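Please walk me through the structure shown below, from its main pocket to its strands and its sulfur chemistry. Running paragraphs will do.

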Amino acid sequence: MSGEGGAPAASSGTFPVGTKLKVTNLDNGQSTTVAVSGPSGSCVLLNNAAFEKVREPGKNLIRRARIERVGGGGDAAAPAAPAAPAAGASGAAGVQVPPATGEVVCQGSTVTLSGEGGAPAASSGTFPVGTKLKVTNLDNGQSTTVTVNGPSGSCVLLNNAAFETVREPGKNLIRRARIERVG
C-alpha cells in the first residue's frame, strides 16, 4: 500500500495512467477494481482505500495477488517513473544528499513499507535473498542499508524498522529514492 488517501486508486510502473485493474488477494479471495492514477516502482501499489478492501487483518502486504487489466489505458507501455536526481544532487528544500557509493539500481522506483516487524530488512522482486541494498530518501537525506530477506512485487519493500530510519513524518511512501546495490 502507498499510504496515500483518497478514493480507491493505484499507481503502477507497469500499466499506464487510466488503466482499470482488478486486484485479487489470493489468500482471502477479496478483490477491488481501481484505476491507475500515477507511476510507482511497483507493478501495482494500492492507496489506503483500495488496500482496505483486500487486506487481511493486521497485514500491510499482499504476497499472493492476481492482477487483471479490465479496461482503459490502451496498449501503450506505462510511462517511466520520474528519474531520481543524479548522484550527489541536493534533495528537496536544500537537503544535501551524499553521492552514491554503490551501483545505483531501480532508477525512479518508489519505496514503501511492508508492515512486517523484525530487525531492519527488505524484500525485493529484483534482487535475490542476501543482497545488500542502500536506500536513500532524497527528500530528507536519510539512508539505511538492508539485506534482502525475501520476495516482493517491488524493487525494494522495506520492513517497518528499516522504513522508520528513512521516512518523513506521516508518509508511508518515498517517491524520490536512490537505491544502491552495495553487496
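How do the residues of the lining of the largest pocket divide into nonpolar, polar and charged? In this predicted model, the division is 13 nonpolar, six polar and one charged. The lining comprises 20 residues in total, and those that lie nearest the centre of the pocket are V44, L61, I62, A65 and G153. The volume of this pocket is about 400 Å³. Two strands, β4 (45–46) and β5 (65–71), each contribute at least two residues to the lining.

The pocket is one part of a chain with two helices and 13 strands. Of its 183 residues, 42% count as buried. Considering contacts between residues at least 6 apart in sequence, 76% of them join residues at least 24 apart.

The strands can be taken from the N terminus onwards. Strand β1 covers residues 10–11 and runs parallel to strand β3 (residues 31–38), the two being joined by two bridges. Within this pairing, A10 has V36 in β3 as its bridge partner. S11 also belongs to β1. Is S11 buried or exposed? It counts as buried, because its relative accessibility is 10% and the cut-off for burial is under 20%. Apart from neighbours within four places in sequence, S11 is in contact with V36, G38, P39, S40, C43, V44 and L45. One of these contacts, V44, is also among the residues nearest the centre of the largest pocket.

Strand β3 has a further partner in strand β2 (residues 20–25), and these two pair in the antiparallel sense over five bridges. T24 is matched with S31 in β3 as its bridge partner. The connection between β2 and β3 is a hairpin with five residues between the strands. In its turn, G29 has a positive phi of about 80°.

A second hairpin is made by β9 and β10, again with five residues between the strands. Here G141 takes a positive phi near 75°. The two strands are antiparallel and share five bridges, with K132 standing opposite T147 in β10. Strand β9 (residues 132–137) is mostly covered, five of its six residues being buried. Besides β10, strand β9 pairs with strand β13 (residues 177–181), also antiparallel and joined by five bridges. In that pairing K134 stands opposite E180.

G141 also marks a point where separate parts of the chain approach one another. Its C-alpha atom and that of Q96 are separated by 6.3 Å, although these positions lie 45 residues apart along the chain as the separation is counted. Q96 is found in the loop between β5 and β6 (103–105). Because its relative accessible area is 57%, above the 50% cut-off, Q96 is exposed.

Another group of strands forms an open sheet. Its four strands follow the order β8-β11-β7-β12, with mixed pairing. β8 (122–123) and β12 (173–174) stand at the edges; each has a single partner strand, so one side of each is left without a neighbour in the sheet. Further in, β7 and β11 run parallel and are joined by two bridges. T112 has L157 in β11 as its bridge partner.

What joins C106 to C155? The link is a disulfide, with an S to S distance of 1.8 Å, and the structure holds one such bond. It connects distant parts of the chain, 49 residues apart: C106 sits in the loop between β6 and β7 (111–113), and C155 in the loop between β10 (143–147) and β11 (157–158). The torsion about the S-S bond is about 85°, so the disulfide is right-handed. Its two ends fall into separate accessibility classes. C106 is partly exposed, because its relative accessible area is 21%, whereas C155 is buried at 3%; the boundary between these classes is 20%.

How values were computed:
Residues numbered from 1 in each chain as written. Predicted model: local features only at pLDDT ≥ 70, side-chain atom pairs only at ≥ 80, totals over all residues. Heavy atoms only, no water. 1 Å grid on protein atoms, 1.4 Å probe; cavity = no way out; pocket = protein on both sides within 12 Å on 5 of 7 lines; lining within 4 Å. Points joined across faces, edges and corners; volume = space filled by probe spheres on them. Nonpolar A, V, L, I, M, F, W, Y, C, P; charged D, E, K, R; others polar. Buried < 20%, exposed > 50% of the residue type's maximum accessible area, 1.4 Å probe, protein only. Contact = heavy atoms within 4.5 Å. Disulfide = S-S within 2.5 Å. Pairing = 2+ DSSP bridges.
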